[in-house]
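Here are some comments on the structure, set out as numbered points for discussion. They begin with the ligand and move on to the pockets, the cavities and the local geometry.

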Amino acid sequence: MNTKQLKGHIGQIVTLKGWVANRRESKTVVFINLRDGQGMCQCILGLEGLGEGLFQTAKTLGQESSISVTGKVVEDTRQFGGFELNATDLKVYQNAKDYPISNKEHGIEFLIDHRHLWIRSRRQWAIMRVRNCITYAIHNFFQGQDFVQMDAPIFTGNAAEGTTDLFETDYYGKPAYLTQSGQLYGEAMALAMGKIYTFGPTFRAEKSKTRRHLSEFWMIEPEMAFCDIFENMDTIESFLRSVVQEVLEKCPDELKILNRDTSNLETVAKKFPRLSYDEAVEILKGNQDVDGKNTLLTIEEDIKENAVRIIEIEEDIAQREAAIAAGGMKKGAINFNQNKIDTLKQELKQIEEDQRNMPQWLESARNFEYGNDFGGSDETVLTRLFDCPIMVYDWPHEIKAFYMKRNPDDQRFARGVDVLAPEGYGEIVGGGERETSEEWLVEKINEHKLPMDVFQWYLDLRRYGSVPHSGFGLGLERLVAWICKLDHVRETIPFPRYYGRLEP
Ligand code: 4AD
Ligand code: MG
């Protein structure tokens, strides 16, 4: 029996096994929030139901003690999960003392150092569940459309995405690299299977600490034979829509725990705007409006509104703190206000950080030099007036990978496409159509100073049965971060790896 199955057992005696998430007590009753991995249930351990001995034991239980509770299931819609357990028996597996993570606020470094325990917390629990749901939805989408899942190698002899961020290892005395992308192998497999997708770990030695970069992340890379960039964009769009909608359908409780405003996800039902790189630059620089509104002016308005909001929050916090300090408040009300203060402080921190950054974003957008790649802040500015993901295609070929197909009608551009998520999340997908001309590829491999010998197998794909083909790569952690609306990708993966972080 678990907390998810209580619905069918109202009035019956059941046993739940789990951990003490929270305990409070009065003279004759101990209330325990039991978490069992599936969900939560409040257990009422009364002197009357348990008897003196077990009741005294219940009073000693520390946070995260492992227990089983037997009792009668009672419906209580006020409780998370909707049920309570009126205990008649208690078994203690281990009485845990001094659990390091309490309900009060901890610094992020402390939490990451305790990641092995932090994953038990409610928010982290919700994020991991959403991640699991996304994984399932991804397989669902591709399997439903007859894609074959393939596993690309992790040790590789060549770079796929530029040589600057490769992790080098020793492979029987020869250098090898941890894969940055399974794409090149995906292309080979697509010519064998028609349509494939990879779902595996990828590695990039990103020596910068941003909220979007991990050193080890999971990428989903479909590759399709007989597919051009526009059909590719159609697939990306229906893929993302289907995954987000499946999460909305299956994870309403988790999204609620995360305080996620789901109206900002429901917009995936809309057609994703498609902009050429040239149009995107014009919008970014404020030279072209979006639905009659100017991106840069809107952000200037945001800065003014934030200033007002900061004062509002500070006043709200001060009032609540004063009310608590004045005394005479009931314990429940103090807890309520304290929680509210914590949330407000969180919001304040975020807005203050934005306030510090936004003038720089504007500056960098105004001075953006045509021909460059967009930086993180450029993506945030560019997407400000869009409420669903946008696709930017036809990029200056110089800034894209060697394998990108050149636009046959305008050779300044490569047929790449990036998907930028709204709400400041930026690039979640990168992809495009692949070059089919062996001659052009050889030229690009030389231009990028890549070793020609290790690409001979890749050139074979152009020598034998070459066809137009396209694909893309979705960064799983970036998608989780957006769907859950998290500040940083480090919370999207059970044990994050990023610059300076290898433990736990
Ligand atoms: O844009 P990228 O570099 O594209 C490729 O690797 C192509 N080979 C994909 C393809 O066409 N098959 O990476 C794809 C996605 C990015 O859009 C981003 O979501 C994610 O991978 N990504 C990262 N996520 C977390 N940390 C990092 N350091 C990431 N680098 C890329
Ligand atoms: Mg990219």
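1. Which atom of G475 lies 3.3 Å from an oxygen atom of ligand 1, a backbone or a side-chain one? In this model, which is predicted, that atom is a backbone N or O of G475. Taken alone, ligand 1 exposes 620 Å², and the protein buries 94% of that area.

2. Two further polar contacts to ligand 1 can be set beside that one. A polar side-chain atom of E221 is placed 2.7 Å from a nitrogen atom of the ligand, while a polar backbone atom of G430 is found 3.3 Å from an oxygen atom of ligand 1.

3. The surroundings of ligand 1 comprise 23 residues, of which E161, Q183, E221, E427 and I428 come nearest. By class, this shell holds 7 nonpolar, 8 polar and 8 charged residues. Strands β11 (216–225), β15 (426–433) and β16 (469–475) each contribute at least two residues to the shell, and β15 provides the largest share, with 5 residues.

4. The second largest pocket deserves a separate comment. Its volume is about 450 Å³, and among its 20 lining residues K4, Q38, W125, D253 and E254 are the closest to the centre of the pocket. At least two lining residues come from each of β3 (40–46), α5 (122–144) and α8 (252–257), with α5 giving the largest share, 5 residues. The lining of this pocket divides into 9 nonpolar, 5 polar and 6 charged residues.

5. As for enclosed space, a search of the whole structure gives 2 cavities of 30 Å³ or more. The largest cavity, with a volume of about 70 Å³, is lined by R211, R212, G424, Y425, R478, A481, L486, D487, H488 and V489, a set that comprises 4 nonpolar, 2 polar and 4 charged residues.

6. The second largest cavity contains about 40 Å³ of space, and the residues that line it are T156, N158, A160, T179, Q180, S181, L184 and Y185. Here the lining consists of 3 nonpolar and 5 polar residues, with no charged ones.

7. Across the whole structure, 20 aromatic pairs are found. One of them joins Y277 and Y370 in an edge-to-face arrangement, with 5.4 Å from centre to centre and 70 degrees between the planes. Because Y277 belongs to helix α10 (residues 277–284) and Y370 to the loop between α12 (331–366) and α13 (376–382), this pair ties together parts that are 93 residues apart in sequence.

8. Two points of backbone geometry may be worth inspecting in the display. Most residues other than glycine have a negative phi, and most peptide bonds are trans. Y172, although not a glycine, has a positive phi of about 50 degrees, and this residue lies in the loop between β8 (168–171) and β9 (174–178). The peptide bond from E503 to P504 is cis, with omega near -10 degrees, and P504 is located in the segment after α16 (476–484).

How values were computed: Residues numbered from 1 in each chain as written. Chains lettered and ligands numbered in written order. Predicted model: local features only at pLDDT ≥ 70, side-chain atom pairs only at ≥ 80, totals over all residues. Heavy atoms only, no water. Near = heavy atom within 4 Å. Polar contact = N/O pair within 3.5 Å; in protein donor to acceptor, adjacent residues only side chain to side chain. Areas by Shrake-Rupley, 256 points an atom, 1.4 Å probe, with all protein chains shown as cover. Helix = DSSP H or I, 4+ residues; strand = E, 2+ residues; numbered from the N terminus. Nonpolar A, V, L, I, M, F, W, Y, C, P; charged D, E, K, R; others polar. 1 Å grid on protein atoms, 1.4 Å probe; cavity = no way out; pocket = protein on both sides within 12 Å on 5 of 7 lines; lining within 4 Å. Points joined across faces, edges and corners; volume = space filled by probe spheres on them. Phe/Tyr/Trp six-rings, centres within 6.5 Å; stacked < 30°, edge-to-face > 60°.
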